Amino acid sequence: MSDATTTTTMPVTVAALYHFARLADHPALQAPLAQLCCGLGVKGSILLAAEGINGTIAGDRAGIDAVLAHIRSIPGLEHLEHKESHAPRMPFRRMKVRLKKEIVTMGVEGIDPLVNVGAYVDPRDWNALIADPDTLVIDTRNDYEVAIGSFARAVDPETKSFREFPAWVEQAGLDPESETAPKRIAMFCTGGIRCEKATAFMRSRGFDNVFHLKGGILKYLEEVPEEESLWEGSCFVFDERVSVTHGLRIGDDTLCRACRTPQTAKDRASPLYEEGASCPHCHASRSEEDRARYRIRHRQMLAARKSGEVR
């Protein structure tokens with residue numbers, strides 16, 4: 001797809017960004033950043049913490065460029081990298097700039113990717129690493145993300161949140177002193193940030209040969225041709241596109257508006273699926289009264305979208 005075609009059919013630029021850095025006074029960054037984004041019509045979510053910045057934003061080309069330039073003008077964030085994709089319409093409803101204790105929450109004290117982190121592996125070199133049977137491949141994302149796509153051979157920790165990852169490592173019996181310890185560990189996530197913490201955690205436990213996919217799944221799908229890819233399915237993204245696949249094309253997954261779980265074509269074919277009201281993942285845990293409320297909310301949302309109030 002040419003740049004001109006992308007600009008015409010996919011006019012919204014989506015930028016995923018994060019950077020670990022020592023931010024001396026991160027609360028002071030919140031208001032100027034929020035004001036700039038809102039003034040430029042940029043929407044999405046940005047987290048600020050003493051350890052750095054993390055977020056995904058969307059807007060027109062000029063707006064995204066201006067926000068990225070502002071972030072890179074902040075001491076410590078000069079070398080921030082970001083990954084871009086495109087959408088036909090704005091995938092966020094509002095702009096949020098929030099202050100957090102961690103930009104990706106693991107909840108373990110003393111884990112610092114600026115001090116001790118795994119080795120980066122470029123997307124073009126990733127296949128050889130994870131195809132090696134002596135490599136333990138770990139998907140560090142949450143269960144609902146893994147459900148719609150992952151790499152071949154990857155272990156799914158089946159976590160509900162990233163906070164559960166350290167406990168999973170304990171339960172899985174991963175011990176660098178064990179006779180059955182893997183020779184090397186390869187970890188991956190959507191954009192790379194969770195792996196920064198996850199590899200730092202594994203190294204703190206004594207594992208030396210720990211690697212992670214540079215730029216995450218998004219960079220892999222962007223750079224590795226589909227015919228060479230070891231990726232299976234689609235990659236969940238935290239916006240209204242729901243998922244992307246090879247070449248960062250928008251996937252065909254949707255969201256259940258009742259529980260926010262991504263829905264594959266198989267899910268939507270289930271008799272338990274009702275657009276806006278239920279899906280196979282939440283039907284048993286919701287009452288008929290709940291579904292009645294969801295139906296009303298869904299009709300209101302569709303009406304608002306038709307009138308132009310919701311994009």
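The following exercises, each with a worked solution, concern the predicted model of a single protein chain.

Residues are numbered from 1 along each chain as its sequence is written. Because the model is predicted, local features need pLDDT of at least 70 and side-chain atom pairs count only at pLDDT 80 or more, whereas totals for chains, interfaces and linings use all residues; side-chain values use heavy atoms, with hydrogens and water left out.

**Exercise 1. Overall form**

Determine how many helices and strands the protein chain has, and characterise its compactness.

*Solution.* Step 1: the secondary structure comes to 10 helices and 15 strands, where helices (H or I, at least four residues) and strands (E, at least two) are DSSP runs numbered from the N terminus.
Step 2: the radius of gyration is 20 Å, close to the 19 Å that the globule rule gives for 311 residues, so the chain is as compact as a globular protein of that length. This radius is taken over C-alpha atoms, and the rule is 2.2 Å times the number of residues to the power 0.38.
Step 3: along the principal axes, the C-alpha atoms fill a box of roughly 60 × 50 × 40 Å.
Step 4: buried residues make up 47% of the 311 residues; buried means under 20% relative accessible area, exposed over 50%, and partly exposed in between (1.4 Å probe, protein chains only).
Step 5: among contacts (heavy atoms within 4.5 Å) between residues at least 6 apart in sequence, 67% join residues at least 24 apart.

**Exercise 2. The surroundings of strand β9**

Identify the strands that pair with β9, and state why β9 is described as largely enclosed.

*Solution.* Step 1: four of the five residues of β9 (residues 184-188) are buried, so this strand is largely enclosed by the rest of the structure.
Step 2: strand β7 (residues 135-139) runs parallel to β9 and is joined to it by five bridges; two strands pair if DSSP finds at least two bridges between them. Thr135 stands opposite Arg184 in β9.
Step 3: strand β10 (residues 210-213) also pairs with β9 in the parallel sense, over three bridges, and Ala186 stands opposite Phe211 in β10.
Step 4: from β9 the chain passes through helix α7 (residues 193-204) to β10, in a right-handed β-α-β crossover. Right-handed means that, with the strands pointing away from the viewer, the path from the first strand over the helix to the second runs clockwise.
Step 5: within β10 lies His212, which counts as buried because its relative accessibility is 1%. Its contacts, leaving aside neighbours within four places in sequence, include Met187, Cys195, Glu196 and Thr199.

**Exercise 3. Nonpolar cores**

Locate the largest nonpolar core and name the element that gives it the largest share.

*Solution.* Step 1: a nonpolar core is a set of buried Ala, Val, Leu, Ile, Met, Phe, Trp, Tyr and Cys residues joined through side-chain atoms within 4.5 Å.
Step 2: the largest such core has 24 residues, and among those with the most contacts inside it are Ile138, Phe165, Met187 and Met202.
Step 3: β1 (12-20), α6 (165-171), β9 and α7 are the elements that give two or more residues to this core. The largest share, six residues, comes from α7.
Step 4: apart from this core lies another, of 21 residues, among them Leu23, Leu29, Ile74 and Val97.

**Exercise 4. Leu218, Ala16 and Thr190**

Establish whether Leu218 is buried or exposed, and trace its contacts with Ala16 and Thr190.

*Solution.* Step 1: Leu218 is found in helix α8 (residues 216-223) and counts as buried because its relative accessibility is 12%.
Step 2: leaving aside neighbours within four places in sequence, Leu218 is in contact with residues including Ala16, Thr190 and Cys235.
Step 3: Ala16 has its place in strand β1 and is buried at 16% relative accessibility. The C-alpha atoms of Ala16 and Lys214 are 14 Å apart, although these residues are 198 apart in sequence.
Step 4: Thr190 lies in the loop between β9 and α7 and is buried, with a relative accessible area of 9%. Beyond four places in sequence, its contacts include Arg141, Glu145, Leu218 and Cys235.

**Exercise 5. Strand β2**

State which strands pair with β2, and in which sense.

*Solution.* Step 1: strand β2 (residues 43-49) is mostly covered, as five of its seven residues are buried.
Step 2: seven bridges join β2 to strand β3 (residues 52-59), and these two run antiparallel. They form a hairpin with two residues between them; Gly44 stands opposite Ile57 in β3.
Step 3: β2 pairs in the parallel sense with strand β5 (residues 95-99) over five bridges, with Ile46 opposite Val97 in β5.
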